[in-house]
Amino acid sequence: ALALGIATVAGEARVVECCSAEASGLNAAATAELGVTAGWALGRRDGVHLVRTTGVHLAADELPPPLGPPPGTDLTVLDVGWDTAQVLVASGWLADELTGTGVVVVVAIATVPGLRRLETTLTLLDRASAVVAVRGVARRRWPAWLAAELGPTARRLEAADRLVAVPHDKHLSGWGVTTDPLPAPLLTAAEAVWRRTGTTTRTQERTS
């Protein structure tokens, strides 16, 4: 949902969902389906182009490369959808994108396991320019025992104003993304994430 939110607030953009077909969260998101090309299902939702794989893939390097963005599309959001370590040890276009020049947005959950995994992911990526999006309550409402789980890399990013809290939405958790408008609080958080990427050309998102 956050990847779609970033693309929505950015304007003319596309989301490339890189997970295997059975794990897709965008099956019901498009208001118009535009067919299948080279192993990818194409759709559109207002000003956002949606691209999701049609195949079942056991590894990230099995994904076919997507076609280039449509004319006038300024931003591509890659919703990686795989464990970071799996992507980094694999060959292929997705590993190249994750280690390339695009800005990486790392998404975590505000739990003890979630924050520990966040630090591991940030260490693997080694990106000083990463943006962190943490789903849960507002940062100021974290109990001390939870805040203590923020690792040194995450703390440096927070000090640089590169950590954004993303509110939990019960409807999205239950129903997933549909053609209904995204909740306003999610779009507000998505805009905060997008602005912190400092780019209008390409954003990569890793969901943890």
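Trainee: Is Glu191 buried, partly exposed or exposed in this predicted model?
Mentor: Happy to start there. Buried would need under 20% relative accessible area, and exposed over 50%. Glu191 has a relative accessible area of 31%, so the class is partly exposed.

Trainee: Which residue forms a salt bridge with Glu191?
Mentor: Look along helix H8, where Glu191 and a partner four residues apart are separated by about one helical turn. The closest N and O atoms of the pair are 2.8 Å apart, and the cut-off is 4 Å. That partner is exposed, with a relative accessible area of 57%. The residue is Arg195.

Trainee: How many residues apart in sequence are the parts that Arg116 and Glu149 tie together?
Mentor: Good one to trace on the model. The two residues form a salt bridge, with 3.0 Å between the closest N and O atoms. Arg116 sits in helix H4 (residues 112-125), while Glu149 is in the loop between helix H5 (144-147) and helix H6 (152-159), so the parts tied together are apart in sequence by 33 residues.

Trainee: Which residue meets Asp161 in a salt bridge?
Mentor: Asp161 lies in the loop between H6 and strand E8 (163-166), and its partner is in helix H8 (residues 184-197), so the pair ties together parts 35 residues apart in sequence. The N to O distance is 3.1 Å. Asp161 is partly exposed at 44% relative accessible area, and the partner is partly exposed at 25%. The name you want is Arg196.

Trainee: How many salt bridges does the count come to?
Mentor: The rule takes a side-chain nitrogen of Lys or Arg within 4 Å of a carboxyl oxygen of Asp or Glu. By this rule, the count is seven.

How values were computed. Residues are numbered from 1 along each chain as its sequence is written. This is a predicted model: local features need pLDDT of at least 70, side-chain atom pairs count only at pLDDT 80 or more; totals for chains, interfaces and linings use all residues. Side-chain values use heavy atoms; hydrogens and water are left out. Helices (H or I, at least four residues) and strands (E, at least two) are DSSP runs, numbered from the N terminus. Buried means under 20% relative accessible area, exposed over 50%, partly exposed in between (1.4 Å probe, protein chains only).
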